[in-house]
Amino acid sequence: MKIKITNLGPIKDATLDIGKRLTVFCGPNNSGKTYVAFLIYSLTELGAAGVSLRDSNNIHLSIKDLIKNKKSIIKIDVEDLWKYRTSEIETIRKSLNSIYGISNETVEKLFGEFNLEILETKAQLKKNIKSMSFDHTMPVGDSLSLKITKKASATDIEVSALGDKITKENIRYIELFLQGQLMALMAFYPFTSSHILPVERNSIYTFSKELSLKKQEFVDKAQALNTNGSKDSFHWLMKRATRYPMAIRDGLQISEDLSNFSMQKTDFHNFAEEIEQVLLQGKVSVTKEGEVQFASDKAKRKKIPIHLSASIVKTLSGLVFYLKYMATKNDLIIIDEPELNLHPNNQVILARIFAKMLNKGFRLLISTHSDYIIRELNNLMMLSSAKEGIEDIIKKYNYSADEKINPEQVSAYLFNYKGKAKSVTVNPIPITEEGFEVVTIDHTIDKLNEISEELFYTLKYGVSEQVE
């Protein structure tokens, strides 16, 4: 899926292909990478914008067939999908205050001329719908899931009920949410949903009680009532707080309901435990009260509150929890600065874990400043080559087959200021079989090496040796 973004803060024009398995954002601080990541999250966290097409006449699910035969067939209508996508994008345009946690006045100041497009015509959408295929499982309750299947060349979708019985509560849920889910699966293919881990992730579980949305909204409303002086108290009481961006609010909402989320394991539970073993060297757990705890492998019986754990645990516990209890195949996982709080050797290990995530069916978007992560991603792309000698290197350095990355499924972008101008350019970085280079990082490393060599020769020989 290719999107075009214009006038998003300092970013005047950017065209991005976010349909690859791995997308990497690079560039200096304050160049708009987080702006774009939050925007992509709002686009791919399907249904997040709040658009509901329950009144649409083009999707009909027979509840009777679902109850009687555990199966129902739904015909696809391209016009309805086009309207849905258009409506979703328009809702995003109008929801920047909620997406970024800012006032409407600030939205007008920073993003007044903002626009978002999906670069696909209606004819292309029709062609892509015909060729797309997916199997998506949608949980409906504790005892029921719906398997949503679209086969290549098919013009319909099959919905199958997986479970012993369908309750009245299940039917109500299906009537309310299934249609939007079906529309989103096709209109925003290849994305099923997305999960974001912003840089604030190391604080969400640690201070979830203090950062409670309910408490924050109460404070905001109380302050507004006290200071605004408006006679319309009800308006201020009902006004929704926008202190936190959508990505952080969603994280806080999850943290407030951890005990319920943790009642059902995903197919990736064992993979999450592997991450715990190699990176955290312990286990993250959730109490009945929803408190996050950590037990080190060195003292398994001693469970400590998350705020007393090491910084690496705080940083990665969100990813572990997501994989254990929430993850669905083909989800887009967005991670801002994955290197946060990690020693270089753990950054390299995390890059290998990213490769395993890709090979397990996830999509990944990362924004990074880490030369270690980029170098290891390049290594993993080179490992995918069929050239003679590669398998020997894999064995020598203990790589595994599921750590290979196909370069054709990688896109990378450099965000950088254009000369002395205030605007930011977003340019694709060429991907080859050797990976990709980030010039802003390479220039910094080359400069440091140059200075180090001059200092070395001066200290050793008492004269300055000009490095060519």
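Before I start on strand β9, one cut-off: a residue is buried when its relative accessible area is under 20%. I should also jot down that this is a predicted model.

**Entry 1: strand β9**

I looked at which way the side chains point in β9, residues 194–197. Ser194 and Ile196 go one way, and His195 and Leu197 go the other. I checked burial too, and all of these residues are buried. Next I asked what β9 pairs with, and found strand β13, residues 332–336, in the parallel sense over 4 bridges. Across from Ser194 I found Leu332 of β13.

**Entry 2: the nonpolar cores**

Leu332 turned up again when I went through the contacts of Ile40. Leaving out residues up to four places away in sequence, Ile40 touches Ile3, Leu16, Ile18, Phe25, Leu332, Ile334 and Leu365. I then looked up the largest nonpolar core, which has 67 residues. Which of its members touch the most others? I got Ile3, Leu16 and Ile40. Helix α7, residues 168–187, gives this core its largest share, 9 residues. There is also a second core, separate from that one, with 62 residues. Among its members I noted Leu280, Val320, Ala327 and Leu377.

**Entry 3: salt bridges**

I counted 14 salt bridges and wrote up a few of them.

Lys283 and Glu273 come first on my list, joined through their side chains at 3.6 Å, N to O. Lys283 belongs to strand β10 (residues 282–286) and Glu273 to helix α13 (residues 269–280), so I have this down as a link between distant parts of the chain, 10 residues apart. Buried or exposed, I wondered, for Lys283? It is partly exposed, at 41% relative accessible area. Glu273 is partly exposed as well, at 27%. This pair does not stand alone: a network of salt bridges links Glu273, Glu276, Lys283 and Lys324.

Next I took Asp371 and Arg375, whose closest N and O atoms are 2.7 Å apart. Both are in helix α16 (residues 371–383), and because they are 4 residues apart there, about one helical turn separates them. Asp371 has a relative accessible area of 16%, and the cut-off for buried is under 20%, so I put Asp371 down as buried.

Then I checked Lys404 with Glu391, where the closest N and O atoms are 3.1 Å apart. Glu391 is in helix α17 and Lys404 is in the loop between α17 (390–396) and β15 (410–417), so this bridge ties together parts that are 13 residues apart in sequence. Lys404 is partly exposed at 23% relative accessible area, and Glu391 is partly exposed at 43%.

**Entry 4: aromatic rings**

My tally of aromatic pairs is 13. I picked out Phe134 and Tyr189, with ring centres 6.2 Å apart. Why is this pair called tilted? Their planes sit at 35 degrees, and planes under 30 degrees apart would be stacked while those over 60 would be edge-to-face, so tilted is what remains. Phe134 is in strand β6 (residues 134–139) and Tyr189 is in the loop between α7 and β9, which makes this a link between distant parts of the chain, 55 residues apart. I checked accessibility for both: Phe134 is buried at 13%, whereas Tyr189 is partly exposed at 31%.

I also found a cluster in which ring pairs link Tyr35, Phe38, Tyr100 and Phe111.

**Entry 5: charges over rings**

I looked for charged ends over rings and noted Arg352, which sits over the ring of Tyr399, 3.9 Å from its centre. I noted Lys360 too, with its charged end over the ring of Phe271 and 5.0 Å from the centre.

**Entry 6: Asn115**

Last, I looked up Asn115, which is in strand β5 (residues 115–118). Asn115 is partly exposed, with a relative accessible area of 23%. What does Asn115 touch, not counting residues up to four places away in sequence? I found Lys4, Ile5, Thr6 and Arg93. I also took the C-alpha separation between Asn115 and Lys12, which are 103 residues apart along the chain, and got 10.0 Å.

Conventions: Residues are numbered from 1 along each chain as its sequence is written. This is a predicted model: local features need pLDDT of at least 70, side-chain atom pairs count only at pLDDT 80 or more; totals for chains, interfaces and linings use all residues. Side-chain values use heavy atoms; hydrogens and water are left out. A nonpolar core is a set of buried Ala, Val, Leu, Ile, Met, Phe, Trp, Tyr and Cys residues joined through side-chain atoms within 4.5 Å. Buried means under 20% relative accessible area, exposed over 50%, partly exposed in between (1.4 Å probe, protein chains only). Helices (H or I, at least four residues) and strands (E, at least two) are DSSP runs, numbered from the N terminus. Contact means heavy atoms within 4.5 Å. A salt bridge is a side-chain nitrogen of Lys or Arg within 4 Å of a carboxyl oxygen of Asp or Glu. Two strands pair if DSSP finds at least two bridges between them. Rings of Phe, Tyr and Trp (its six-membered ring) pair if their centres lie within 6.5 Å; planes under 30 degrees apart count as stacked, over 60 as edge-to-face and the rest as tilted. A charge sits over a ring if NZ of Lys or CZ of Arg is within 6 Å of the ring centre and within 35 degrees of the ring normal.
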